[in-house]
Amino acid sequence: MTHRRTLLASAALLAACMTTAHAAGTLTVCTENSPDGFDIAQYESAVTNDAAGRTIYDQLLGFKPGTTEVVPGLAEKWEVSPDGLVYTFHLRKGVKFHTTPWFKPTRELNADDVVWSINRVNDKKHPAHGVAKNGYVYWEGMGMSSLIKSVEKVDAYTVRFTLTRPEAPFIADMAMEAIGSIFSAEYGEQLLKAGKLGELNTQPVGSGPFIFQSYQKDATIRYTANKEHWQGAPKVDKLIFAITNDPNVRIQRLKAQECLVGTNMKPEQAGAFDNDANVKIVRNNALLTFYIAPNGKHKWVSDKRFREALWYAWDKKTFAQAIYGGNATPAATFLPPGMWSHDKTLKERQDVEKAKQLVKATGYDGSELTVFVRIGGSIDGKRAAELMQADWARAGIKVKLQMMEWGELLKRSGKGDHDITFLNWAGDNGDPDNFFTPNLSCSAVEGGGNKSQWCNKEFDNLIDTARKTADHKKRIELYTKAQKLVYDEVGMIPGVYPVYMTAVNKRVSGYIPDPFTHNDFRSVSVK
């Protein structure tokens with residue numbers, strides 16, 4: 001979308017927000033971008049997760065709010081076989097799917113829905129598998145298709161998963177929105193018969209705390225409370241996502257109380273609320289890393305020395321101050337400090353003269369490389385890229401910037417069209433595997449999640465062994481070795497550990513910061 005289109009949509013929404021944000025029981029949230037869709041199994045972006053994963057759907061398991069502790073979800077209890085290969089989940093009774101103008105459920109959630117939801121993604125022969133034209137990026141990136149051998153219905157409320165190998169993070173995986181969300185098999189079959197399976201993505205049905213009502217592209221998403229939710233009704237009657245790409249407009253809306261929450265705020269603009277008695281900035285040291293993904297398959301960038309040069313030439317301290325207003329710290333490893341097994345012994349690299357030597361050693365001929373840059377988001381991507389461009393120019397590396405929308409960037413960099421790009425990664429389950437497998441494994445190159453296109457068999461063996469190992473100390477040893485290997489081979493370039501920021505109006509209570517940077521509004525109330 002262009003900035004003009006975004007601002008026009010913003011202007012059109014102002015009047016609507018002014019009448020709804022103050023309505024009793026209505027929470028209006030300013031979000032920074034449009035979702036990719038509402039079929040959560042197809043996507044990997046945080047904004048899509050907020051719009052679908054934590055609102056429309058429930059997961060097999062869940063996380064205790066504000067923590068990485070796994071708790072019961074749609075499954076109220078579970079058992080694991082001694083060999084770690086069989087997981088049996090006992091489902092909660094009385095869970096109801098949403099009733100909407102496009103679907104009227106005739107039964108409650110049961111084992112058939114779990115089997116349908118998993119097989120739809122995992123089994124390429126499933127009649128609904130092909131609805132994802134770009135595949136299931138997160139599922140493949142996490143290696144789930146090679147992990148799950150079968151899922152079967154034991155009885156109406158019991159489901160058995162059989163794995164091909166032991167998998168230490170499996171329970172946590174089932175609490176992740178893109179992995180463990182459960183769809184209505186009845187709705188899926190209804191769409192299949194009508195030849196309208198694509199409506200899973202545009203007219204979603206789940207059992208989650210909010211019922212999808214409508215989506216005005218690049219403008220608003222509307223939900224109503226699911227008053228029959230198994231955890232009890234949310235504390236607001238209506239939820240509105242006001243999509244506000246322009247960060248200055250987002251600040252204006254928050255100050256005017258047209259929005260009562262602003263997600264993923266630009267850190268350098270947090271000071272705009274210093275003297276605002278109505279809005280506070282909630283700072284969260286989440287499991288979050290900003291990183292550069294150099295395409296390891298492209299000329300020049302495929303040379304480890306060239307990737308090292310990109311790292312050595314980049315002034316991260318200046319970058320953190322200029323782009324994050326100092327609300328970020330330089331990173332030397334992909335795993336953030338709050339993640340167990342984070343290796344604090346790895347040292348930052350910053351030496352322009354060293355970078356020049358490395359560039360010269362590669363025989364680089366001055367060819368211009370392309371950097372994919374996101375439009376919108378939590379930082380000024382263009383300014384960030386220009387800082388890197390200037391740093392790299394000092395080492396003799398020439399790059400040009402190509403701006404694009406977030407969904408296009410994810411899709412094209414997943415295919416390896418870029419030379420360089422940069423992204424944030426927020427952990428989704430509290431396990432180091434969730435950083436490494438979807439972003440740096442060989443399977444994630446094929447699945448489209450590994451934007452660095454880096455495939456290293458030694459690294460894969462380390463993380464594969466760590467996934468199969470239940471011994472926590474052994475897993476720490478393995479992940480420490482994995483971090484050192486990525487550091488030595490420059491499989492990717494860690495950037496900074498940002499502070500995640502949310503703007504919250506004083507009329508809002510019950511908002512809980514999330515270690516995964518997700519936003520869950522079921523417990524939020526408005527005065």
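Which residue takes a positive phi in the hairpin of S4 and S5? In this predicted model, that residue is Gly84, whose phi is near 75° in a hairpin that has five residues between the strands. The points below treat this hairpin, then an open sheet of seven strands, and finally a contact of helix H3 with helix H8.

**The hairpin of S4 and S5**
- Strand S4, residues 75-80, and strand S5, residues 86-91, run antiparallel and are joined by five bridges.
- Within this pairing, Glu79 stands opposite Thr88 in S5.

**The open sheet**
- The seven strands of this open sheet follow the order S8-S9-S10-S1-S11-S19-S12, and their pairing is mixed.
- At the edges are strand S8 (210-216) and strand S12 (279-284), each of which pairs on one side only.
- Strand S11 (residues 261-262) and strand S19 (residues 500-505) run antiparallel and are joined by two bridges, and Gly262 has Ala503 in S19 as its bridge partner.
- Helix H9, residues 247-255, lies across S1, S10, S11, S12 and S19, and runs at about 160° to strand S1 (26-31).

**Helices H3 and H8**
- Helix H3 (residues 111-122) and helix H8 (residues 185-194) have axes that come within 8 Å and cross at roughly 55°, which means that H3 is oblique to H8.
- On the H3 side the contact is made by Asp112, Asp113 and Trp116, while H8 contributes Ala185, Glu186, Gly188 and Glu189.
- Sorted by class, the residues in the contact of H3 with H8 are two nonpolar, one polar and four charged.

Methods. Residues are numbered from 1 along each chain as its sequence is written. This is a predicted model: local features need pLDDT of at least 70, side-chain atom pairs count only at pLDDT 80 or more; totals for chains, interfaces and linings use all residues. Side-chain values use heavy atoms; hydrogens and water are left out. Two strands pair if DSSP finds at least two bridges between them. Helices (H or I, at least four residues) and strands (E, at least two) are DSSP runs, numbered from the N terminus. Contact means heavy atoms within 4.5 Å. Axes are lines fitted to C-alpha atoms, for helices over the stretch in contact, and angles run from 0 to 180 degrees between N-to-C directions. Angles under 35 degrees count as roughly parallel, over 145 as roughly antiparallel, 65 to 115 as roughly perpendicular and the rest as oblique. Ala, Val, Leu, Ile, Met, Phe, Trp, Tyr, Cys and Pro count as nonpolar, Asp, Glu, Lys and Arg as charged, and the others, Gly among them, as polar.
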